[in-house]
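Visitor: Could you take me through the backbone oddities in this one? I'd like a close look at a single part, the unusual backbone angles, and where they sit.

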Protein chains: 2
Amino acid sequence: MVIKGNFLYTPAIDKTVIQKNAYLAIRNGRVERFYKALPEEYAKEKVIDYGDAVIIPAFNDLHIHAPQLINRGVGFDKELLPWLETYTFPIEANYADSAFADRAYKIFLNQMWAAGTMRFSAFATIHKAAAWHLMELTEQSGLSACIGKVNMDRNAPDYLCEETEQSLEETEELILKCQKEFKNVSYILTPRFVPSTTEKMMAGLGRLGEKYDLPVQSHLSENRSEIAWVKELHPNSKTYTDVYDAHGLLRKNKTIMAHSIYLSGEEKNLLQEKNIMLAHCAQSNINLSSGVMPLRKNLAQGLRCCIASDVAASHTAAMNRHITASIGLSKINWLQHPEETALQLTEALYLATKQSGSFFGKVGSFEPGYDFDALVIETDEMGGMLARTPFEKLEQYIYAGDDRNILARYRRGKYIEKPFAL
Amino acid sequence: MVIKGNFLYTPAIDKTVIQKNAYLAIRNGRVERFYKALPEEYAKEKVIDYGDAVIIPAFNDLHIHAPQLINRGVGFDKELLPWLETYTFPIEANYADSAFADRAYKIFLNQMWAAGTMRFSAFATIHKAAAWHLMELTEQSGLSACIGKVNMDRNAPDYLCEETEQSLEETEELILKCQKEFKNVSYILTPRFVPSTTEKMMAGLGRLGEKYDLPVQSHLSENRSEIAWVKELHPNSKTYTDVYDAHGLLRKNKTIMAHSIYLSGEEKNLLQEKNIMLAHCAQSNINLSSGVMPLRKNLAQGLRCCIASDVAASHTAAMNRHITASIGLSKINWLQHPEETALQLTEALYLATKQSGSFFGKVGSFEPGYDFDALVIETDEMGGMLARTPFEKLEQYIYAGDDRNILARYRRGKYIEKPFAL
């Protein structure tokens, strides 16, 4: 396959590469190389020409709560813990109902598609059947994901509180079924967060992680009240991070910890050593008045950080808006801390494409060998009366665009249609 | 006319009124009163029933640069002064071309309509013909606005720098034509900001303000470098605010000053005494790393503050996103200043409807006698499977909605269609 257009991608955090009016050869869904003029050997290939549009790597979102998407925007006059109790747990209870889950998860996947997020890592709910259905629908959609049933067996309302053994059994059942039946969906262990999971649950999940060599996702150090609560629940652990580590839940290279705002130097060193992905969720942290992750400092230290949505503590699945939220928050932070320079657009794009893509392999860039996951973007509304560089089109899409500016979506070289009619 | 639905409005900053399944009688475009059941006298009236949708006052945006809308999103890696020179002045230069201005202003008005902004106060450019054309198009659109040609005769690139006398003559010409020909558009004096206007220009505009009893709009105290520059240009003026005041440009009850971030106590007292409208532009202030207006303190003091867009230092005309930006910024500010409590949604809605509407008269509420400027909002995507209160629908629209959630728009009782086909 050959695609023609203006390609823009970020092979490194401080580097934007633009291939103007270039031909991109794609083989077996992977990027082969760019050409200025198409060589003889491709003479018989069909060339898809996207004209003046800009083609960028698709987004990867490493922290999202699929069942909460339909609740986006509700309840942001509250902070994390009361928000969970008042709005979030009640919405998750609905997923015991299969008709509700079917419609809500189709809406979720349509929104991910609309947003240009071709890969994600999602929390489901505690409900085995609904989690399985989300995996099935995701496989059907053409998108790719890590998905986990949530585990929670303490400090949850009765209707969401699990019996530990049964939860672990159901988890193992899903792991095995998932490995057997899906190509594009894999299982990720998903303890909700320390306050919701007993030591027995965490240890059991740690054992499953070891047994099947699985990735893990959870929340870490989001809010001051939450951190105080963890301290109270685990007085003998040195830090919040240590609680996960002690139970085998900081799995090297394959763990996502959302938020990670208030970390000590020691915690940071451990997270760096294990190459844990810290999912920075700026819009969520603003909505719930949680705090400001020192992203610039974390990046300077070499911590593995990406930009993620955290729907529905954020209010949209659209990763372009999480990029702008991250930049905006870094600018406000810079006003207080002039040594922590603000995030540039190139850096933020990298964190939402290549950096988050690294969780799935060679994903999120147009370097040779990378999966061709791409979005074709057009922002022109002046009918060509105003000349725009590819970078300006990128800027306009990231700041002011929405799904209507995405003309086409690809995942591993395949054109992806809107998944579900509703 | 009678409209049925769930009405939601904010008669005071801390008060949301919800009229569920109510009938609203509208006479001569103005709100008469609500009824739980429709009285006999209306038996023959046609009732427009919006079912489960939520009906809220339309937005009023008191600070927007109409010519810059097509540039939204471009150049936010820079601060105010370099951003102006690199991106904003060059785009404004295009408005010397009437074909360009025609298309760009139609796009602008379509976007205002889409956003649900039924009234606004806009800067045009220095170009008399284009400014006049924007006024004509606005009158045609069914929206209502204050619009001013920009005046600037110093510290501007050659292609945007005016000769003072001619600028004042052109301004007076537009004032007179505008008074004669329009019902829904009125002239507002629009010195760009102190650094761009000589004392002679400011004094001339002050005289026009007095002669025709006109409103004024400008920028005040947005960025630390800008403030230092004003001090350098006017070493004998005590403050930035004083420069405007000394030239008759703080016209009592009818002046809008955008940003107003870094104000001394003395400046605040003067602005309060003159009842100046301070347009808080949170998204802009974030994008250009300008600073944080102490909104909570200003409101507590009784300063007249509203929420505005400041396109294109912000990246969207959509007022719902400026509401969320203001709330978000106030939450981040609260983390640093716990005594300045964060803005609640009700408060922010008030600042973008009734407070900004006060600049146009009885506008921005559904109290008796108010112009019926309204938006009909629907956010349901679960096909009724998930019950939502009117306030939750409001939350979902404000945080997660866009123009596709607005089913109908009214201004002074009139249904407003999309203004222009392009």
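**Odd spots in the backbone**

Guide: Let's start inside a strand: A:His259 belongs to strand E12 of chain A. Bear in mind that this is a predicted model. The phi of A:His259 is positive, about 80 degrees, even though the residue is not a glycine. Is A:His259 buried or exposed? Its relative accessibility is 0%, so A:His259 counts as buried, the cut-off for that being under 20%.

Now step back along the chain to the loop that leads into E12. A:Asn253 is found there, between helix H7 (240–246) and strand E12 (255–259) of chain A. A:Asn253 is another residue other than glycine with a positive phi, this one near 70 degrees. Its surroundings read differently on accessibility: A:Asn253 comes out at 42%, so it counts as partly exposed. That class covers what falls between the 20% limit for buried and the 50% limit for exposed.

The other thing to look at is a peptide bond. In chain A, Val311 and Ala312 are joined by a cis peptide bond, A:Val311 to A:Ala312, with omega at about 5 degrees. If you want to find it on screen, go to the loop between strand E14 (304–307) and helix H11 (319–336) of chain A, where A:Ala312 sits.

Then hop over to chain B. B:Val311 and B:Ala312 are linked by a cis peptide bond too, with an omega of about 5 degrees. B:Ala312 is in the loop that runs between strand E14 (304–307) and helix H11 (319–336) of chain B.

Terms used:
Residues are numbered from 1 along each chain as its sequence is written. Chains are lettered from A and ligands numbered from 1 in the order in which they are written. This is a predicted model: local features need pLDDT of at least 70, side-chain atom pairs count only at pLDDT 80 or more; totals for chains, interfaces and linings use all residues. Side-chain values use heavy atoms; hydrogens and water are left out. Helices (H or I, at least four residues) and strands (E, at least two) are DSSP runs, numbered from the N terminus. Buried means under 20% relative accessible area, exposed over 50%, partly exposed in between (1.4 Å probe, protein chains only).
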